[in-house]
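Student: Could we work through some of the helix packing and local backbone features of this model together?

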Amino acid sequence: MDISIVNMALPAIRDDLNASTAGLQWTVDAYTLVLASFLMLAGSTADRYGRKRMFRLGLTVFGIGSLLCSLAPGIDALIAARAVQAVGGTMLNPVAMAIVVTVFPDRADRARAIGIFGATAGLSLVLGPILGGALVDGLGWRSIFWVNLPIVVVAVLLAGRYVPESRAAHGRRFDPVGQLLVVLLLGGVVTAIIESEKRGWTAPPILALLLVAAVAAVVLIRYERRRAEPMLELGLFRSVPFSSAVVIALVAYSGFGVFLFVTTLYLQSVRHLSALDAGLSLLPVGLLICVLSPLTGRVVGARGPRLPLVVAGTALALGAAASLTIGLTTPLPIVLAIFLLFGVFLGTINPPIANSAVSGMPVSMAGLAGSLASVGRQTGTSLGVAVAGSIVGATATTDPHRFVRAAHTVWWPMIAVGLIVVALALISTSRRARLTVQEL
């Protein structure tokens, strides 16, 4: 909900804090990038010291970060506060998924539980844009962070009462070198993409960032292979379903990042809708996710992840292709109908990713496996926002015609992303791929 609310508030933040397009990108990506960088650390730490304890600590830090965001005097302070929020966020989603896996050891029950868990994403997309739009229009953009505080308090109390404590029999040791290399890799790529719009791809700082990321990737693989208890367990990637789930999460959620970033600016800056009206425009998408996610969880439990993944990839490709027809004067009902394709995509993508990532994994690695899938999702969202922002740039406020043309450029690679999801769905669910899980 926090991510969708913040996206709805971007135009208001831009106007109030005189923020550039890069500043808006960093407002989103400071959160998702920190989240992606430290999810594996949070997952392995939770496995070692207790998942319930880590979950409640994450909620508390997230609340503190939200308070700091609401008090930010400028865009730089807001970006820094978003990073604090993300530190808390690293302890939430993957740890929660590990808790679900622990509580529901039966495969079918777990798949249904993951479907319900995924439906909360749909609920957040229903509530986030509408609540965010109402708060921005009524109380200003700072109020979107105030709303997190009572939610955090209630969640801490409920977790203390209902969530059982669990931990791995043998937790992994902290891997500072591996953690630093992950930060350099992800940070270098995302920063280069965001800053390329202003500096150009051939600028020395951009080339230096890409070089740092490339070197970090090579060193990370070599280092983790030799470590007895690596943060990045490369052996997990021998499982074709698991490795495919991570790649699908990466590419699919780049589509989510593009959709949310471009759509928010299009509805408010090009179509001149209020924040609340723009939020209401996304209501059908969220409702569709709420309906489809639990159903998808049941399908995954009964028949496996192939059909939902094929449907998700096809819907993303069709939605991106249909978005190429959206212009300045496209009737709003047609625009909303195109959005429904993204609702189908988002409603069917998460349960099979989550289930494929943790199914067949040793219980001691549940937190780490869930974390790696979440890393793929958060990194994909960061890359999607970074790519969309670097292509669209400031055109939404300077020239709506240029914005529409730039947005069309963004959607072409998203068609390819949808087709990649379909291909990986077929590969990862084959009999030969399933045998690789048993070899772990």
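The questions below concern helix pairs, one side chain and two loop residues.

Tutor: This is a predicted model, in which local features need pLDDT of at least 70 and side-chain atom pairs count only at pLDDT 80 or more, while totals for chains, interfaces and linings use all residues. Residues are numbered from 1 along each chain as its sequence is written, and side-chain values use heavy atoms, with hydrogens and water left out.

Student: Are H3 and H4 roughly parallel or roughly antiparallel to each other?

Tutor: Helices here are DSSP runs of H or I with at least four residues, numbered from the N terminus. Axes are lines fitted to C-alpha atoms over the stretch in contact, with angles from 0 to 180 degrees between N-to-C directions. The axes of H3 (residues 51-70) and H4 (residues 75-89) come within 7 Å and cross at roughly 170°. Since angles over 145 degrees count as roughly antiparallel and those under 35 as roughly parallel, H3 and H4 are therefore roughly antiparallel.

Student: How many nonpolar residues does the contact of H2 with H4 have?

Tutor: The axes of H2 and H4 come within 7 Å and cross at roughly 20°, so H2 is roughly parallel to H4. Contact means heavy atoms within 4.5 Å; among the residues that meet are Trp26 and Tyr31 in H2 and Leu78 and Arg82 in H4. Ala, Val, Leu, Ile, Met, Phe, Trp, Tyr, Cys and Pro count as nonpolar, Asp, Glu, Lys and Arg as charged, and the others, Gly among them, as polar. The contact has one charged residue, four polar and, as the number sought, twelve nonpolar.

Student: Which residue's side chain forms a polar contact with that of Arg377?

Tutor: Arg377 lies in helix H16 (residues 366-392) and is buried (under 20% relative accessible area, against over 50% for exposed and partly exposed in between; 1.4 Å probe, protein chains only), at 8% relative accessibility. A polar contact is a pair of N or O atoms within 3.5 Å; within protein, one must be able to donate a hydrogen and the other to accept it, and residues adjacent in sequence count only if both atoms are side-chain atoms. At 3.2 Å, the partner of the Arg377 side chain is that of Asn350.

Student: What is the phi of Asn18?

Tutor: Asn18 sits in the loop between H1 (2-17) and H2 (21-49) and is exposed at 69% relative accessibility. Most residues other than glycine have a negative phi. The phi of Asn18 is positive, near 55°.

Student: Where does His272 lie?

Tutor: His272 is not a glycine, yet has a positive phi of about 60°. At 62% relative accessibility, His272 is exposed. Its place is the loop between helix H11 (240-270) and helix H12 (275-281).

Conventions: Helix = DSSP H or I, 4+ residues; strand = E, 2+ residues; numbered from the N terminus. Parallel < 35°, antiparallel > 145°, perpendicular 65-115°, else oblique.
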